[in-house]
Amino acid sequence: MNSLIILPILIPLLTGIILIFFSKNIPVQKLISVISSLLMVLSALYLAVAVYQDGIQTMNLSNWEAPFGITLVSDMLSALLVLTTSVIALACLLYSFRSIGKERESFFYYPVFFFLVLGINGAFTTGDIFNLFVFFEVMLMASYVLLVLGGTKIQLRETIKYILVNVISSALFVIAVAYLYSVVGTLNMAHISERISQIGQPGIVTVIAVFFLLVFGIKGAIFPLYFWLPGSYYAPPAPVMAMFGALLTKVGVYSITRTYTLFFYHDTGYTHGLLEILSIFTIIVGVIGAIAYSDVKKIIIYNVIVAVGVILFGVATLTEESLAGSVFYLIHDMIIKAALFLLIGIIVKITGTSSIKKMGGLIHQYPALAWTFFIAALALAGIPPLSGFAGKVLIVRSGLESGNYWGAGIVLLSSLFVLFSVMKIFINVFWGSPRAYRQQEPVPAKWLLAAPAVLTAFAVLYGLGTEALYPIISLAAETLSNPEIYINAVLKE
Amino acid sequence: MEILMAFLIGILFMSATYLMLSKSLLRIIVGTGLLSHGAHLLILTMGGLKRGAAPLLGQHAEAYADPLPQALILTAIVISFGVTAFFLVLAYRAYQELGTDNMDRMRGKEGNE
């Protein structure tokens, strides 16, 4: 029963290995990858139900007792994130079938895709800080390959920068783990938390906390460390961009959330104050980028940065309500960013350009695409019946209650600019007079639209079902705001 | 002993930072190599450098060296091997395609080839 936790990690691993053997047989690759990603969604759903009914699920690998072996821990937050990851992976996979092209498919696109999912699911589920590093590396290695696969000039150039930044941040992660190990002498997350609360977070632990913020901030693109993201995410094809934008930065955000609620919650004045300032600046730079560009990809890429700032502002406020808001917003943002990246992938494919000044009038030929984009754009900005609303309300309200009027005001104001940036795309691309686009081959727009349309429908349902989902989300927030629940679940006698 | 190692690791980090800020891609990759050396030595040092036998049970010693940092280093070494090999091949491909190893000339125009 408990070994259920490992299924969302094991399924992509085995699928990736099997797919290596069928690299030239594309129909078989597609069949196997669809079946196993469906299995992954089902197992993640089953895991989430199990966590909801029976509380936190833990699994000690090879039956070694908790602090000594590697423990996999699935609380409500990780179960929800694993479920969202599996759904998004399925959608991106179906989109890839028609858009990625033979030359990439026959060179291990699908195996690497599954290794990426393996790394992400593993990072969400692990209960060991060094194991988290290893899953980060699995994820990053797969993302290097996905980024460069195809080998165009822009991909080569941007991959060099992306690898360099991530090699440095991985080295910093190793250094941070080494420092933490020398202070607490353990690697199990629950045990680290227990030891830190025994010594009451002396100055050196605060230094390590800032070090971890530096490491995960590079992965998750927070304010002074986001510089690599706009260029790197610009290079790959649409489904890869959707996987990156929806999932990779969110692993960094999840890691900050985990470490700052489980380890470093004793001296919140310094660490969480720093996180709060950085998250507000992240929102500001993201918004500036989003309204500055007239390029569809760049606008959505800068919206990724805005969302990271909003989520981390909720984490920095550190009340149960704001954490619930962050979890709400995190899941909403993963779904809607995947949908938006896939939608602009279709737009770029139809028009052959990504500059909005060269587009116009697409609504006459592609009305379904236009209205899906419109709903997704409203959901991104957080218009009430849609998905972005509930999370932002909770974050803003708890920000106001804790007296941070500036921060809450900037979060509110950022919605306006986000709405402006995506409406700028909508108005310029879909309205106006139609233009003639040079197309070498017809675009299978109807087929490609299916995946982002389903994701947008999920976002709408997620917004409408806020009331029903609230107990699940608040369960996740309860575990985050009471580390004892997590510790007791892992280190049971 | 730990003090001495701390200085050595500091010098490694310093050289790595200096090399990674240079223009040539190969010097940057040499810098990442030095950075990972520094990180691995740091794990070893932070695990403690007390005297003890090698962590082999056949030694029947009073005290052993801490085996955990050694396992962590071994993991980190193979990971950085993999990444460095990929990075070197990528640099080679980039040199063939782009015809330069100067990071200044790899900037590209805004948002296109």
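## Exercises on a predicted two-chain model

Across the interface of chain A and chain B, zero salt bridges are found by the rule. The structure is a predicted model, and the exercises below should be read with that in mind.

**Exercise 1.** Describe the contact between chain A and chain B, and state which helix gives the most to the side of chain A that touches chain B.

*Solution.* Begin with the residues: 32 of chain A are in contact with 34 of chain B. The area buried between the two chains is about 3,100 Å², and carbon and sulfur atoms give 81% of that area. On the chain A side, Arg157(A), Ile160(A) and Tyr181(A) lose the most area to chain B, together 21% of what that side buries. Turning to polar interactions, three residue pairs are in polar contact between the chains, both residues being at pLDDT 80 or more. Helix H6 (129-148) and helix H7 (153-184) of chain A each supply at least two residues of the side that touches chain B, and H7(A) gives the most, with 18 residues. By class, the residues on this side of chain A divide into 23 nonpolar, four polar and five charged.

**Exercise 2.** Examine the salt bridge between Lys161(A) and Glu158(A), and place it in its network.

*Solution.* The side chains of Lys161(A) and Glu158(A) meet at 3.7 Å, N to O. Because these residues are three apart in helix H7 of chain A, about one helical turn separates them. Lys161(A) is partly exposed, with a relative accessible area of 25%, whereas Glu158(A), at 8%, is buried. Finally, Arg157(A), Glu158(A) and Lys161(A) are linked in a network of salt bridges.

**Exercise 3.** Set out the salt bridge of Glu105(A) with Lys30(A), then that of Lys337(A) with Asp333(A), giving the sequence separation and the accessibility of each residue.

*Solution.* A search of the whole structure finds nine salt bridges over all chains, among them the pair Glu105(A) and Lys30(A), at 3.7 Å, N to O. This pair links distant parts of the chain, since Glu105(A) lies in helix H4 (residues 102-105) and Lys30(A) in helix H2 (residues 26-54), 75 residues apart. Glu105(A) has 4% relative accessibility and so counts as buried, while Lys30(A), at 24%, counts as partly exposed.

For Lys337(A) and Asp333(A), the closest N and O atoms are 2.7 Å apart. These residues are four apart in helix H14 (residues 320-351) of chain A and are therefore separated by about one helical turn. Lys337(A) is buried, with a relative accessible area of 0%, and Asp333(A), at 0% relative accessibility, counts as buried.

Definitions and conventions:
Residues numbered from 1 in each chain as written. Chains lettered and ligands numbered in written order. Predicted model: local features only at pLDDT ≥ 70, side-chain atom pairs only at ≥ 80, totals over all residues. Heavy atoms only, no water. Contact = heavy atoms within 4.5 Å. Buried area = accessible area lost by both parts, 1.4 Å probe. Salt bridge = Lys/Arg side-chain N within 4 Å of Asp/Glu carboxyl O. Polar contact = N/O pair within 3.5 Å; in protein donor to acceptor, adjacent residues only side chain to side chain. Nonpolar A, V, L, I, M, F, W, Y, C, P; charged D, E, K, R; others polar. Buried < 20%, exposed > 50% of the residue type's maximum accessible area, 1.4 Å probe, protein only.
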